[in-house]
Amino acid sequence: MYFTLAFAWHSLDSSTVQCVTRLALRSSISEADFAELKLPTGEVAKLPMLYPSHGTDKFIDIGTLNKQAGVYTYDPGFQCTASCSSAITFIDGDKGQCNYRGYPVDQIAQSSNFLEVSYLLLNGEMPTPEEMQEFDSEIKQHMIIKTKMLSFFNSMPSAAHPMAQMTSVVAGLSAFYPVSLDPKDHKQHMEAAIRMVAKMPMISALIYRNSLGLPAVYPRSDFTYAENLLYMMFSNPTHTTFPQNEKVFKAAAKAIDVFLILHADHEQNASTSTVRIAGSSQANPYAAVSAGIASLWGPAHGGANEAVIQMLEEIGTKENVAEFVRKVKNKEAGVRLMGFGHRVYKNYDPRAKYFKTLVGEVLDGMDIQDPKLEVARELERIALEDEYFIKRKLYPNVDFYTGIMLRAIGIPTSMFTVMFALARTVGWITQWKEMVEEKGFRISRPRQIYIGAPERKLP
Ligand SMILES: CC(C)(COP(=O)(O)OP(=O)(O)OC[C@H]1O[C@@H](n2cnc3c(N)ncnc32)[C@H](O)[C@@H]1OP(=O)(O)O)[C@@H](O)C(=O)NCCC(=O)NCCS
């Protein structure tokens, strides 16, 4: 593989009809230049440049590369490859920006609620009051899961990992709601999306209650989405309200609502790409989301806020922070500053910035003094002034403060990834919907470089 990439900037050439057709599929492309790829054999492939509608990234469309030059590209882990075009979420990692449908997430978190954000993600625009009322009532209509589904939980051991339960139950929804996909049927896609978002709080609550051997609690129509989640998780069926007082219940629900908003989508990460790939075969959307949940399960993806709590507990007190940072900088085996650093953000994660303030407010509102918050703040203070972290552009990510907040609300660490999956479901299903409704929708089929034995005879 000794080819050279020679970039040549040309204006659009009318003879390259094929490229123009490919560009036409992407309505948001504003400009079309070309890059030239010169192979060692001398062949040159002329590849269109693609520019996003916002931001400064540049892309080369390699869709015709094999036809033009007989070669493929190699990019394990998709370090350098856009797998799709999308109008849902925009991230600028250098500036620390994340926008949903063009709106900065921290601004949305201040002025909206999770169901409004779900509407925005799914429909592209903020709802009018009438649209919101209709959406809210549709969600409430679908919140209860079928009685037969309760037997899924009954058949699981109480000690089953919450994510093991979640992947199975969500895949199980496809048995109750078979979908024979029609890429043109927008109503069919929206119906699946609404059902999926609506049922997640009860599924999440049942996972928690199953671990404690507690019976199901059903949602109430006078509660918000976040209030229903807390109500179904923590209330006792013989009582009508949340165990704590009204003020604490409202404060906890508000914090959960913000958590859900700030985790609702994050463009093409491992789990979202998994949902897209699974869904690209026209598989049932609930099964595709279940595949995404499986991907999120891993510690390299959804499990980091749990690791932050463990780290803060191990450090114990503010006085031990400097010694811990010394171990991190010395790269002592297995010691990393959890909740710091991000593959895309090379600046303060805007979601972390928001949670930093919120976590203090939640703890105050709930009258909780958690020494872990003091340790976290000291860690951040030291790290942000330290050359090691500055040089590597390591800033707090979304997981740094969320664990403390979830724990204060009473959510056990074993349920953290379930909470993440609950929030991300709307993002996954929006991404699935965008993909199946796209012109030129087709199955994903990556290539490989085969490095095994050549063809040989059986012994
Ligand atoms: C998220 C993460 C995997 C991103 O990694 P990445 O962008 O691929 O960066 P790399 O792992 O290549 O690290 C680059 C450098 O920063 C260092 N680094 C990265 N994250 C670090 C952290 N959390 N603590 C200490 N050092 C860290 C690496 O040791 C490496 O140093 P080097 O250049 O001297 O070798 C990484 O920052 C990490 O492990 N963070 C902690 C886990 C976490 O919070 N995950 C949740 C992400 S939302």
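**A short tour: one small sheet, two helix pairs, two cysteines**

Let's start with strand β5, where both faces are covered: Thr89 and Ile91 on one side, and Phe90 and Asp92 on the other, are all buried. In a regular strand, side chains alternate between the two faces of the sheet, and that is the split you can follow here. Before I go on, please keep in mind that this is a predicted model.

So where does β5 sit in its sheet? The sheet is open, has three strands in the order β5-β6-β7, and pairs them antiparallel. β5 and β7, the latter at residues 103-104, are the edge strands, each pairing on one side only. Strands of a sheet pair through backbone hydrogen bonds, either parallel or antiparallel. Between β5 and β6, residues 97-100, there are four bridges, and these two strands run antiparallel. If you want a spot to click on, phenylalanine 90 stands opposite asparagine 99 in β6. The hairpin that β5 and β6 form has four residues between the strands, and glycine 96 there takes a positive phi near 70°.

Now step back along the chain to valine 71, in the loop between α2 (65-69) and β5 (89-92). Is valine 71 buried or exposed? Its relative accessibility is 18%, and the cut-off for buried is under 20%, so valine 71 counts as buried. Leaving out residues up to four places away in sequence, valine 71 touches Leu39, Leu65 and Asn66. For a sense of scale, take valine 197: the two valines are 126 residues apart in sequence, and their C-alpha atoms are 42 Å apart in space.

On to the cysteines, since somebody usually asks. A disulfide is a covalent bond between the sulfur atoms of two cysteines. How many does a search of the whole structure find? Zero. Cysteine 84 is in no disulfide, and its nearest cysteine sulfur, that of cysteine 98, is 15 Å away. Seen from the other end, the closest cysteine sulfur to that of cysteine 98 is in cysteine 84, and 15 Å is too far for a bond. Their surroundings are worth a look too: cysteine 84 is partly exposed, with a relative accessible area of 25%, while cysteine 98 is buried, at 2%.

Let me finish with two helix pairs. The first is α10, residues 246-262, with α15, residues 350-365: their axes come within 10 Å and cross at roughly 170°. These helices are therefore roughly antiparallel to each other. From α10, the contact uses Lys247, Val248, Ala255, Val258, Phe259 and Leu262, and from α15 it uses Arg351, Tyr354, Phe355, Leu358, Val362 and Gly365. Sorted by class, that makes nine nonpolar residues, one polar and two charged.

The second pair is α13, residues 304-315, and α18, residues 399-409, which pack at an angle of about 80° with axes 8 Å apart. That makes α13 and α18 roughly perpendicular to each other. On the α13 side we have Ala304, Asn305, Val308, Ile309, Met311, Leu312 and Glu313, meeting Asp399, Phe400, Thr402, Gly403, Ile404, Leu406 and Arg407 of α18. How do the residues of this contact divide? Into eight nonpolar, three polar and three charged.

That's my tour, thanks for listening!

Definitions and conventions. Residues are numbered from 1 along each chain as its sequence is written. Side-chain values use heavy atoms; hydrogens and water are left out. Axes are lines fitted to C-alpha atoms, for helices over the stretch in contact, and angles run from 0 to 180 degrees between N-to-C directions. Angles under 35 degrees count as roughly parallel, over 145 as roughly antiparallel, 65 to 115 as roughly perpendicular and the rest as oblique. Contact means heavy atoms within 4.5 Å. Ala, Val, Leu, Ile, Met, Phe, Trp, Tyr, Cys and Pro count as nonpolar, Asp, Glu, Lys and Arg as charged, and the others, Gly among them, as polar. A disulfide is a pair of cysteine sulfur atoms within 2.5 Å. Buried means under 20% relative accessible area, exposed over 50%, partly exposed in between (1.4 Å probe, protein chains only). Two strands pair if DSSP finds at least two bridges between them.
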